[in-house]
Amino acid sequence: MTDTLSIKDNRTGKTYEIPIQDDSIRAMDLRQIKVSDSDFGMMSYDPAYLNTASCRSSITFIDGEKGILRYRGYPIEELAEKCEYLEVAYLLIHGELPNKNQYEEWKHNITYHTMVHENVKKLLEEFRYDAHPMGMLISAIAALSTFYPDVKNIFDENSRRLQIYRLIGKMPTLAAYAYRHSQGMAYVYPNNDLEYAENFLTMMYKPPASSNYKANPVLSKALDVLFVLHADHEQNASTSAMRGVGSTHADPFSSAAAATAALYGPLHGGANEEVVRMLEEIGSKDKVPEIIRQVKEKKRLLMGFGHRVYRNYDPRARIVKKIADEVFAVTGRNKLLDIALELEKVALSDEYFISKHLYPNVDFYSGLIYQAMGFPMDIFPVLFAIPRMSGWLAQWQEMLADSEQKISRPRQIYTGYPERHLDSTPRQ
Ligand code: SDX
């Protein structure tokens, strides 16, 4: 027995031995399969990359069948229970958890990069009051690249480290500024004495005239755990955007703006907002059967359900459900929870959903917590983007260091016209 795939091309009768490594074959090894020597050679065709590995990565491991998620080998359940978000961000980017001194230095550097240039406020002022904060965030991240000419030094380790501090540090500030703009409220500057999630809540909610505002510690802690859960998720659509744009050697701010744009989509990070809109539309438990019927008739998606990788319960959804109880003890129960629980109960006992492996994903319950914490719905995807920045940066760094990687440029199967000429093509 050998670690090879024997492929027989029945068009020519030739057979090929294709090496197998990591239970995979290299698509380029197919190119030798030709009918005539002048052929381009065989490609693999995989729309939406359902079964294509784009890279080797040691950052995050997911077992979709078993509902397992690990960052650098640590189970998400342990990290969510025992680590702060910035510790996990360090782990994703450096590969190991920080010791005490490393953590203090990491937190100090990120804390001292939370401020943004005053011009950013003028940029945000130009948006309408009702601009979606994700559109503002995408623009602001891209705009920030113009404030730091050194962002282009992507092969300088010190420059990369500085850009990482800046991007992780400034995401909460940009997010809070976008929110305050939408509320017509003065911005609240970051406070270097506060921890990451607490600083964000303070910039979001501190009344301008108040001098003794303190974010509720239960809510700060709950948000920090939610940040841990959202920090990375291997080669999802927004991470693939980060890697794809980064593969052109664009700077990390421009790559992160592209990743944020990908996350905005309702099929991805925008789902947490759509879940709550769906639950509000349902309005009561007795309307759940009607929604289930519409879903089964393919008239709509059940937002917050399903996942490309998880064919089982998303382990993050389980943890989010637990956090909900802690938050609701402070904020009061979100009445939409009853509808969500009923929807989950009915769906998980229905053959249609079971056969399609449709389980709640990380977005199904997170929006209920955000809403109970007072966040407006259009901020929900922003709350996803803030922590995912560390995952995007970890993946971006890994891509740059990977000698097998080069500019990302897929091929295609051409289905258009053969050659034709203008003078022989009558205009309709
Ligand atoms: C995130 O990739 C990641 O890791 C993402 C993420 C991360 O941390 O980065 O985990 C975060 O984006 C979570 C997903 C949030 N999105 C939603 O909740 C939106 C609703 N979900 C669906 O759009 C869908 O499940 C996706 C986009 C999440 C996954 O889509 P796939 O893998 O392309 O699955 P599919 O569309 O091929 O669906 C397979 C079948 C189809 O039915 P058939 O054609 O076989 O008859 O399942 C059905 C789909 O119609 N289906 C659903 C459904 N999701 C899939 N039917 C109803 N409701 C749904 N939510």
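Here is a short tour of the ligand site and of one loop residue, Asn 334.

Before you click: this is a predicted model, where local features need pLDDT of at least 70, side-chain atom pairs count only at pLDDT 80 or more, and totals for chains, interfaces and linings use all residues. Numbering runs from 1 along each chain as its sequence is written, and side-chain values use heavy atoms, with hydrogens and water left out.

**Stop 1: the ligand.** Select the ligand and its shell, counting residues with a heavy atom within 4 Å. You should get 23 residues, the closest being His 233, His 307, Arg 308, Arg 316 and Lys 356. Colour the shell by type: 10 are nonpolar, seven polar (Gly is counted here) and six charged (Asp, Glu, Lys or Arg). By the domain assignment, which is automatic or from a database, domain 2 (60-264 + 381-401) and domain 3 (278-372) each supply at least three of these residues.

**Stop 2: polar contacts.** Show N or O pairs within 3.5 Å. Gly 304 puts a backbone N or O atom 2.8 Å from a ligand oxygen. Lys 356 has a side-chain N or O atom 2.8 Å from an oxygen of the ligand, and a polar side-chain atom of Arg 388 also sits 2.8 Å from a ligand oxygen. The protein buries 74% of the 1,100 Å² that the ligand exposes when taken alone (Shrake-Rupley, 1.4 Å probe).

**Stop 3: Asn 334.** Now jump to the loop between α13 (315-331) and α14 (336-348), helices being DSSP H or I runs of at least four residues. Is Asn 334 buried or exposed? Asn 334 counts as buried because its relative accessibility is 8% (the cut-off is under 20%, 1.4 Å probe, protein chains only). A polar atom of the Asn 334 side chain lies 3.2 Å from the backbone oxygen of Leu 368. Beyond neighbours within four places in sequence, Asn 334 is in contact (heavy atoms within 4.5 Å) with Phe 328, Leu 368, Gln 371 and Ala 372.

Technical notes:
A polar contact is a pair of N or O atoms within 3.5 Å; within protein, one must be able to donate a hydrogen and the other to accept it, and residues adjacent in sequence count only if both atoms are side-chain atoms. Helices (H or I, at least four residues) and strands (E, at least two) are DSSP runs, numbered from the N terminus. Buried means under 20% relative accessible area, exposed over 50%, partly exposed in between (1.4 Å probe, protein chains only).
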